[in-house]
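Trainee: Could you take me through the largest pocket in careful detail, and then set it beside the other features of the structure that deserve a close look?

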Amino acid sequence: MLDNSRPFDEGEACFVVGVGASAGGLAALEELVKNVAFDRMAFVVVQHLSPTHESLLTQLLARVSTVTVVTAENGVKVERNNVYVAPPNVDVAIVNGVLHLLEHVPVPGPRLSVDFFFRSLAEDQGPRAIGVVLSGTGTDGTFGLRAIKEAGGITFVQEPSTAKFDGMPQSALASGNADYRLSPTEIAQELQWIGARPESLIPVPHTPGPEAQQHYARLFVLVRNEFGNDLGQYKPTTVQRRIERRMALQKITRLDEYVRFVQQSPAELRALYSDMLISVTRFFRDREPFDELGKVALPRVVAGRAAGSTLRAWVPACATGEEVYSLAICITEFLEGWNLDLKLQLFGTDVDDDAIEIARRGRYPQNIAQDVSPERLAKFFVEVGDEYQICARLRDTVIFSRHNLYRDPPFSRIDVVSCRNLLIYLQPATQKKVLRVLNHALKLDGYLMLGTSESVGDAADLFSLVDRKNKIYTKKSAAPFAPLDSGFTSRQPEPPVRPGSARAPGELQALAERKLLELYVPAGVVVDDRLQVLHFRGHTGPFLDPVGGTASLDVTRVVRSELRIDVKRAVERTFETGQRTEVDVVIGSDGGSVHVDVVPLSESIGRPSVAVLFQTKPPDPQPVEVEGTTDAQLQRRVSQLERELSVARDSLQTAYDERARAEEEFRFAAEELQSTNEELQSTNEELETSKEELQSTNEELVTVNDELQSRMRELGQSNDDLHNVMLGVDQAVVIASMDLRIRRFTHAAEKLFNLVPADVGRTVDFLERFLGGCQLGEKVSQTIQTLAVTDQQVLASNHRWYRLRVAPYKTVDHAIRGAIITLADIDVRKKATDLDHEIADYVSKHLAAVTSPLLLVDRRLRMVWANDAFVSRFQVAREEILGARFSELGTREWLGAPLRDRLDRTLDSGDLFRDVPVAGLMRDEPHRTQRVGASRVPVSVEQPMALISIDDG
């Protein structure tokens, strides 16, 4: 035996394999341990063991294992190349790679020690966790495999045909959480492959290159075209990790090869999409938020509600429905506790059709007892076989449907939305869009419940925080609803430039141009045709002085007051002519000016725009003036005033022209408004008519709904009546459908044919083995086709006679929907009739000519036949003696022990006797002696009979 065990190194790619087994699991465990290579792996074996007997599992596995096999102890650190066997009567958990043994606390229902360990393994090891479910009964391990798979680990299930008991493997496979379905030997081979390539299954964070991004985009397109869901909405790291996991499971190392494989394999595309859906859920996950919802949110929601009104809730991304039913239970308990007469309506939506179908069935394994209290199990669940089903009154409040939160219109007038642990998988932009959708769906002051790791982020203007710990929010404003983008987008981020890496020639040229522009191009702004500033360029501080008040980017409110008129005129002239406009504007008293250059941007994309450039010009040099030269100063002042007056005249003319244009536009606008008003009035009348029609339609819908509700109540009562009738009928009745499949059967049929609920849907030929080859399928088919009733007697495999009756199954409107098979036990009547026929036949053949008194008795000495001579001699009625005991003929003492013994020997061995004297046979002559003889006769093949002759002594 090898002994190279050692702890996992920090950062080392190693795995912890949890193995769960129950009845019949020893052989599978030995086969697995014998064939697997343990390098880079540690095994923890959890099996259902008797709590009162010492387990020998450790010694049994040690005989076939090549590595150390030990019984798990509390506080031991898991080491590679070791097999740890859980001891009896404890639950095992793993935290930080250390095993912890917890005393098992008895709870109602089956013990689920495998689920308990698998859940802790998934939480502790993440993608390093591997779960294996082997032979066993029940459903233990099903929920644990789900937790391991959602944590990024690998899951194995034993092929049911190789398992001694297939309950646990079948349950795990039905849940859809198994990556591999193999025999124990094949599981060992796959584990060996994984151990040799651990880096392919343990994700290492990295940024994919442009080529990888293109391959991811192709996968996104394939998924969107097939399933209509855009994986581009998810966080890239989540998508990348799931794709790499599928590649490892298929033993594909190159991304382009995997893309080709997905294109050729629809099954792999479906598996990839299922992995992306990440349906992590369970009943009352994080129980405290549900309790706080009933304390904080629901009292405010129901405040002021009228009796009979409806409380509406929505759970998007509901997966298999556990959270929807959890919320329904929470709200129902609240309404009952407050004695409120309100209707409850919940919507559960998801993009996964398979998950929605499971939610609609409302059936879950017994493992849910770990998450649901015994009181709630008894109140809201019905035990059906080895499953729990949501009770009918709770299922009636929930509607499940397929719904894409990114693409489909949301529900409306919702009081409570529970969207937990969805946002953590989405990109920030998608998170914000989803929150706007949820805001639109909620009523004002409606409540939103998020997961413990989520928040509203940038949507704080839409929701107010109510409970920080439990992430409960309330709607505080209505956001304008805009449909989410449904198109596929694949953004490829530019690869970062590493320090010291060589720049491309294009990058160097762009850098040089940017530096030159910063040095030599004047400061300025870009303005569109509405005079709105689109872009600031360079140091524009000396030329801009925004007006106080409401913030505005209008160029006339941004530039300095001295420049406003000239800048506006130059910009408008450029837009009108399409030509470059230049103007010098004098500012200050020193003669300095600003050169304004307006350049049209004819190649701009979108709205027309111009570039307004500013450049300071120093004042012209002035000659030194002699003291007293006031005429020159006066001349300059006059010139300046004349220039300003000219500018003012131009501005006034421009304002007058603009006013004229505005008045003309106002006149046109008034005419258009008048025309629009007439159209709106006409539209309003049409809307009023439509409103009346909608009100009429709504009344009709309410009436139809009331009728449907009444029909549903009648249907429920009919179902209850039918259920009790089927239980109370003591005959075996089987109802077959048009395709000759079993649809329903009575309790008597269940016991007689050894039927189980799983037999519903099987063909009626399944009953042939009991009925002894009566070609039941052909009879049922003939009855359905010809409507003729089949009635016959059949000898069943239990050697009893039954009356088989096959009649057509008719609806109330006389439509044929199958056949009714009835089986009545007629064994006693049949055998009595056959015996009568046999006796009559024997008498007519052999005893007709005998004139002496004769009597036939059975094994219990009961008289079954007497001839006319016997009836005449003893003066008795034939009806009185048939079935009576032979001893009741004469006096009480006449049939003594010697004669009884002779008769018993005759019946047993066939010994005959003759002329035995007997007294007291005739009651009116008790002392008269008769001579009695008897012999066994071949009347019945099933029971011996004796022929007794009586003669006078």
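Mentor: What follows begins with the largest pocket and then turns to the cavity, the aromatic rings, the cysteines and the backbone. Please keep in mind throughout that this is a predicted model.

The largest pocket holds about 1200 Å³ of space. Of the 32 residues that line this pocket, A392, R393, D396, T397 and M712 are the closest to its centre. Several elements give two or more residues to the lining, namely strand 12 (310-315), helix 12 (322-337), strand 13 (343-350), strand 15 (381-384), strand 16 (387-390), helix 15 (392-395) and helix 20 (630-728). Among these contributors, helix 20 gives the most, with seven residues. In chemical character, the lining of the largest pocket divides into twelve nonpolar, nine polar and eleven charged residues.

The enclosed space is a separate matter, and here a search of the whole structure finds one cavity of 30 Å³ or more. The volume of the largest cavity is about 60 Å³, and its lining is made up of V46, Q47, H48, L49, A86, P87, P88, N89, V90, R111 and S113. Sorted by character, the residues of that lining comprise six nonpolar, four polar and one charged.

Turning to the aromatic rings, the count comes to 14 aromatic pairs. In one of them, the rings of F117 and F118 have their centres 6.4 Å apart and their planes at 55°, so this pair is classed as tilted; F117 is buried, and F118 is buried as well. Another pair, formed by F543 and F614, is stacked, with 5.1 Å from centre to centre and 15° between the planes. Because F543 lies in the loop between strand 23 (533-537) and helix 18 (555-558), while F614 belongs to strand 26 (residues 609-617), this pair ties together parts that are 71 residues apart in sequence. Both F543 and F614 are buried. Ring pairs also link F283, Y325, Y364, F381, Y388 and F400 into a cluster. A contact of another kind involves R743, whose charged end sits over the ring of Y809 at 5.0 Å from the ring centre.

As for the cysteines, the structure holds zero disulfides. C318 has 2% relative accessibility and therefore counts as buried, and C774, at 10% relative accessibility, counts as buried too, because the cut-off for that class is under 20%.

Finally, the backbone has two residues that merit inspection against a general background. Most residues other than glycine have a negative phi. R413 has a phi near 55°, a positive value in a residue other than glycine, and R413 is found in the loop between strand 17 (398-402) and strand 18 (414-419). With 52% relative accessibility, R413 counts as exposed, since the exposed class begins over 50%. D445 has a phi near 70°, again a positive value in a residue other than glycine, but the place of D445 is in strand 19 (residues 442-450). At 53% relative accessibility, D445 counts as exposed.

Terms used. Residues are numbered from 1 along each chain as its sequence is written. This is a predicted model: local features need pLDDT of at least 70, side-chain atom pairs count only at pLDDT 80 or more; totals for chains, interfaces and linings use all residues. Side-chain values use heavy atoms; hydrogens and water are left out. On a 1 Å grid over the protein atoms alone, a cavity is a set of points where a 1.4 Å probe fits but cannot get out, and a pocket is an open set with protein on both sides within 12 Å along at least five of seven lines; lining residues have an atom within 4 Å of a point. Grid points are joined across faces, edges and corners, and a volume is the space filled by probe spheres set on the points. Helices (H or I, at least four residues) and strands (E, at least two) are DSSP runs, numbered from the N terminus. Ala, Val, Leu, Ile, Met, Phe, Trp, Tyr, Cys and Pro count as nonpolar, Asp, Glu, Lys and Arg as charged, and the others, Gly among them, as polar. Rings of Phe, Tyr and Trp (its six-membered ring) pair if their centres lie within 6.5 Å; planes under 30 degrees apart count as stacked, over 60 as edge-to-face and the rest as tilted. Buried means under 20% relative accessible area, exposed over 50%, partly exposed in between (1.4 Å probe, protein chains only). A charge sits over a ring if NZ of Lys or CZ of Arg is within 6 Å of the ring centre and within 35 degrees of the ring normal. A disulfide is a pair of cysteine sulfur atoms within 2.5 Å.
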